[in-house]
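Q: I'd like a close look at one part of this model, the place where two neighbouring helices meet and whatever ties in there. Could you walk me through it?

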Amino acid sequence: MVKSIWEASNDEYTLQPLTDEIVKKAEELFNVTLPNSYIAILKQQNGGQPICNAHPTPVPTVWGESFVIVDHIKGIGARNGILENDYYIKEWELPEGLILFNGDGHTWLAFDYRDATSAPPIVYVDVDLEQTIQIADSFEEFLKNLYLENEEFDFEGMEVRVYSKQEFETFIQDDNVEELIYAIPDLAQGDVDLKWFGNQLLTLSNYHDRYVRSWVATSVWNSLTYRLDEEILHSLIENFKKDVDSEVRMMAELILEKSELLLRTT
């Protein structure tokens, strides 16, 4: 029996229990063989937060030292799982052949199937630096190298921004696109007044800048589909459907699918 790597508490990345049929469908979809060690831990728990939350890297990363934080490992599923892979590959212009199992948009951890259909090495990808670094020869090695980075981890020097309602509304009034692009996903993932924020997103869903509208749609899909008031969510979806940008229209379909999935499972 493989020792469990998982924290006891479940989170948004913990999916329905894994079956052999789900594994088979995923491997057929990607046309690869997934690592046995990956399947083994997912049969214990299909994704979630690992107890050991860091992995060494051969070079310094955005974390400031030669390691990366591993705050979750995606399981196999369509919502918060690796079956979302194609969307993120296209959205972040990542290399084809990677299967992402951890990431937030700017940095990723992935199975690297670019030169293999089985036994892939593990790579760390920094989108902003256009950098791809191999950090383990296999997923089994990746698991062995995980360690607990807790009190020793120093966040000093990392910019953590908390936005107030007044600040966010001022960004809109001042047409501050750069700040809006940073603030929208941060607020969407945080503890925010959802009624207020939903109304702000409704305003921004008709914004003149396509990147702002895209971040609104992406943030709703990533973090807010199950949290926003149903009426506000419906209005957002309708606005996204009518957007001139094809990516925003695509997000409308994905959000609708996600919200319908919730109805089917409740």
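A: For what follows, two residues are in contact when they have heavy atoms within 4.5 Å of each other. Keep in mind that this is a predicted model.

Let's start with the helix pair. Helix α7 covers residues 194-204 and helix α8 covers residues 210-224. Their axes come within 9 Å and cross at roughly 145°, and the crossing of α7 past α8 is left-handed. On the α7 side, the residues that do the touching are Leu194, Phe197, Leu201 and Leu204. On the α8 side they meet Val212, Arg213, Val216, Val220 and Leu224. Sort the residues of this contact by type and you get eight nonpolar, no polar and one charged.

Arg213 in α8, one of the contact residues, also has a salt-bridge partner. Asp243 pairs with Arg213, and the closest N and O atoms are 2.6 Å apart. Asp243 sits in the loop between α9 and α10 while Arg213 is in helix α8, so this pair ties together parts that are 30 residues apart in sequence. Are these two buried or exposed? Asp243 and Arg213 are both buried.

Helix α8 has another link to that loop. Arg210 forms a salt bridge with Asp245, again with closest N and O atoms 2.6 Å apart. Here too distant parts of the chain are joined: Arg210 is in helix α8, and Asp245 is in the loop between α9 (230-241) and α10 (246-264), 35 residues away. The two ends of this pair sit in different settings, because Arg210 is partly exposed at 34% relative accessible area, whereas Asp245 is buried at 9%.

In general, side chains of opposite charge can pair when their charged atoms come close. By the rule used here, the count comes to nine salt bridges. One of them joins Asp112 and Arg114, at 2.9 Å from N to O. Asp112 counts as buried with 10% relative accessibility, and Arg114 is partly exposed at 40%.

Asp112 also brings us to the sheet, since strand β4 takes in residues 107-112. The sheet is open, with four strands in the order β3-β4-β5-β6 and antiparallel pairing. Strands β3 (98-103) and β6 (131-136) are at the edges with a single partner strand each, so one side of each has no neighbour in the sheet. From one strand to the next, the twist averages 30°. β3 and β4 pair over five bridges, and Ile99 has Phe111 in β4 as its bridge partner.

Technical notes: Residues numbered from 1 in each chain as written. Predicted model: local features only at pLDDT ≥ 70, side-chain atom pairs only at ≥ 80, totals over all residues. Heavy atoms only, no water. Axes fitted to C-alpha atoms, helices over the stretch in contact; angles between N-to-C directions. Helix = DSSP H or I, 4+ residues; strand = E, 2+ residues; numbered from the N terminus. Left-handed = near helix turned anticlockwise from the far one by under 90°. Nonpolar A, V, L, I, M, F, W, Y, C, P; charged D, E, K, R; others polar. Salt bridge = Lys/Arg side-chain N within 4 Å of Asp/Glu carboxyl O. Buried < 20%, exposed > 50% of the residue type's maximum accessible area, 1.4 Å probe, protein only. Pairing = 2+ DSSP bridges.
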